[in-house]
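Me: I'd like to go through this one with you piece by piece. Can you take my questions as they come?

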Amino acid sequence: MSSAELGFDPSLKKKKKSKSTSSATASSAPAPAGAEADLFAGLKKKKKKSKDTTGEKDHKDSVDDVTATFETLRLKKKKKKSRHHDVDDFEKQLAKAGITTEEEAAANANLQANFIPYDKLLSRFFTILKEKNPELAGGQQTKLKIPPPEVQRDGNKKTMFANVQTIATVLQRTPEHLIQYLFAELGTSGSIDGEKRLIIRGRFQGKNIEGVLRRYIQDYVICKTCKSMNTELKRENANRLHFIVCKACGSTKSVASIKTGYQAHVGVNRRKKV
Amino acid sequence: MSNIENLKSFDPFADTGDAETQPTNYIHIRIQQRNGRKTLTTVQGVPDEYDLKKVVKVLKKDFACNGNIVKDEELGQVIQLQGDQRLKVVEFLVSQLGLKKKNIKVHGF
């Protein structure tokens with residue numbers, strides 16, 4: 001029963017085939033072991049069943065050949081007898097299958113009446129998945145919207161970066177960390193004014209800041225494993241290392257601390273230091 | 001017992017000395033703003049096997065800019081070049097000195 005069920009596929013083509021074969025098996029079922037060739041021919045037509053049946057069929061053929069040539073040998077005959085038992089079992093099973101195929105055909109007909117195409121089911125699945133679990137259904141939709149940096153000139157030699165705070169909160173980083181990175185990358189210094197805007201020494205354009213910001217996100221925000229931006233920066237007190245902890249996939253990755261590197265002394269400072 | 005020894009020939013957990021595990025010595029190329037629209041390019045961490053004096057000489061000639069070597073206590077010798085030469089320096093380091101691009105880090109805007 002179970003094997004028959006396993007063998008049958010509720011798709012159209014196979015169903016038709018199974019019908020024809022079921023009739024063939026029904027005719028061959030009452031016939032004794034002599035009709036085994038027909039039976040197996042039917043089997044072959046039917047479909048590729050599980051491996052062992054086809055293998056057995058091959059065995060059967062070879063055994064038939066052998067028995068045809070060495071009919072007098074007992075050993076072979078014994079083997080053949082055992083084979084016959086197997087075949088009997090098979091007939092029983094096939095007879096059962098013959099009954100069940102009719103039942104299943106009816107079931108298939110029912111299915112045919114309210115048959116839903118695979119495409120529709122797939123799209124339905126994805127729409128539901130997007131509603132319930134947007135993280136799983138392609139991260140593109142859930143991309144974080146980072147506001148473009150508002151950069152203005154503050155006087156002649158300073159640049160004002162107005163929305164550091166909001167960008168830092170969107171990225172789930174402390175503003176201090178972001179500011180430290182900005183200063184290290186731009187090779188300058190600066191301060192935060194009364195309205196929590198960042199004042200950077202030097203002239204910078206919006207696109208410059210944007211480029212640096214992009215690199216910051218790449219280095220310190222994006223999870224290297226799943227490319228999610230939903231991460232947290234944690235500092236391990238034991239080894240003083242910073243770790244990105246991804247909230248989407250749960251992975252952690254250590255990141256290098258921000259280093260300023262070499263700073264040349266420019267302008268008036270230069271003569272003082274040297 | 002002695003022929004069991006050959007089982008020890010390969011230890012999968014031994015340190016292979018791969019560069020992946022060791023801290024790679026990055027070459028940092030930075031830019032600094034000077035007065036006006038002038039800038040300064042610094043190249044930090046060029047390996048010692050290269051003669052920096054000669055390197056600077058070629059760089060100066062190639063990029064048509066001035067430059068010099070500054071000795072820093074922590075960071076060793078640093079090349080300073082006038083103007084924004086970052087991309088040109090990267091190209092030079094990769095093509096002429098045969099350094100790997102992944103070991104070069106360009107900073108700045």
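Me: Is Glu185(A) buried or exposed?

Reply: In this predicted model, Glu185(A) is buried, and its relative accessible area is 6%.

Me: Which residue does Glu185(A) form a salt bridge with?

Reply: The partner is Arg215(A), and the closest N and O atoms of the two are 2.8 Å apart. Arg215(A) is partly exposed, with a relative accessible area of 24%, whereas Glu185(A) falls in the buried class because its 6% is under the 20% cut-off.

Me: And where do the two sit in the chain?

Reply: Glu185(A) belongs to helix α8 of chain A, which covers residues 175-186, and Arg215(A) belongs to helix α9, residues 206-221, so that the pair, 30 residues apart, links distant parts of the chain.

Me: How many salt bridges are there over all chains?

Reply: The count comes to five over all chains. One of them joins the side chains of Arg214(A) and Glu210(A), at 3.1 Å from N to O, and both of these residues lie in helix α9 of chain A, four residues apart, which is about one turn of the helix. Arg214(A) is exposed at a relative accessible area of 53%, while Glu210(A) is partly exposed at 32%.

Me: Which residues are linked in a network of salt bridges?

Reply: Asp193(A), Glu195(A) and Arg197(A) are linked in such a network. Within this group, the side chains of Asp193(A) and Arg197(A) meet at 3.0 Å, N to O. Asp193(A) is partly exposed, with 23% relative accessibility, and Arg197(A) also counts as partly exposed, with a relative accessible area of 22%.

Me: Switching to the interface, how many salt bridges does the rule find across chain B and chain A?

Reply: The rule finds zero salt bridges across the interface of chain B and chain A, although six residue pairs are in polar contact between the two chains, both residues of each pair being at pLDDT 80 or more.

Me: How much area do the chains bury between them?

Reply: Chain B and chain A bury about 1500 Å² between them, with 50% of that area on carbon and sulfur atoms. On the side of chain B, Gln32(B), Gln33(B) and Phe109(B) supply 39% of the area buried against chain A, more than any other three residues. The contact takes 18 residues from chain B and 16 residues from chain A.

Me: Which strand gives the most to the side of chain B that touches chain A?

Reply: That is β1(B), which gives four residues. Each of β1 (27-33), β2 (39-44), β3 (67-72) and β4 (76-82) of chain B supplies at least two residues to that side. By class, the side of chain B that touches chain A has seven nonpolar, eight polar and three charged residues.

Me: What about the fold of chain B, what pattern does it follow along the sequence?

Reply: Chain B has two helices and five strands, and read along the sequence these follow the pattern β-β-α-β-β-α-β. Among contacts between residues at least 6 apart in sequence, 50% join residues at least 24 apart. Buried residues make up 32% of the 109 residues in chain B, and the chain exposes about 7700 Å², of which carbon and sulfur atoms supply 50%.

Me: Where does Thr41(B) lie?

Reply: Thr41(B) lies in strand β2 of chain B and is buried, with a relative accessible area of 0%. The side chain of Thr41(B) reaches the backbone nitrogen of Gln85(B) at 2.9 Å. Leaving aside neighbours within four places in sequence, Thr41(B) is in contact with a set of residues that includes Ile29(B), Ile79(B), Leu81(B), Asp84(B) and Gln85(B).

Me: Ile29(B) is in that list, so is it buried or exposed?

Reply: Ile29(B), which lies in strand β1 of chain B, counts as buried at 0% relative accessibility. Not counting residues up to four places away in sequence, Ile29(B) touches Thr41(B) and Val43(B), and also, among others, Val89(B), Val90(B), Leu93(B), Ile104(B) and Val106(B). The C-alpha atoms of Ile29(B) and Val46(B), which are 17 residues apart along the chain, are separated by 9.9 Å.

Note on methods:
Residues numbered from 1 in each chain as written. Chains lettered and ligands numbered in written order. Predicted model: local features only at pLDDT ≥ 70, side-chain atom pairs only at ≥ 80, totals over all residues. Heavy atoms only, no water. Contact = heavy atoms within 4.5 Å. Buried area = accessible area lost by both parts, 1.4 Å probe. Salt bridge = Lys/Arg side-chain N within 4 Å of Asp/Glu carboxyl O. Polar contact = N/O pair within 3.5 Å; in protein donor to acceptor, adjacent residues only side chain to side chain. Nonpolar A, V, L, I, M, F, W, Y, C, P; charged D, E, K, R; others polar. Buried < 20%, exposed > 50% of the residue type's maximum accessible area, 1.4 Å probe, protein only. Areas by Shrake-Rupley, 256 points an atom, 1.4 Å probe, with all protein chains shown as cover.
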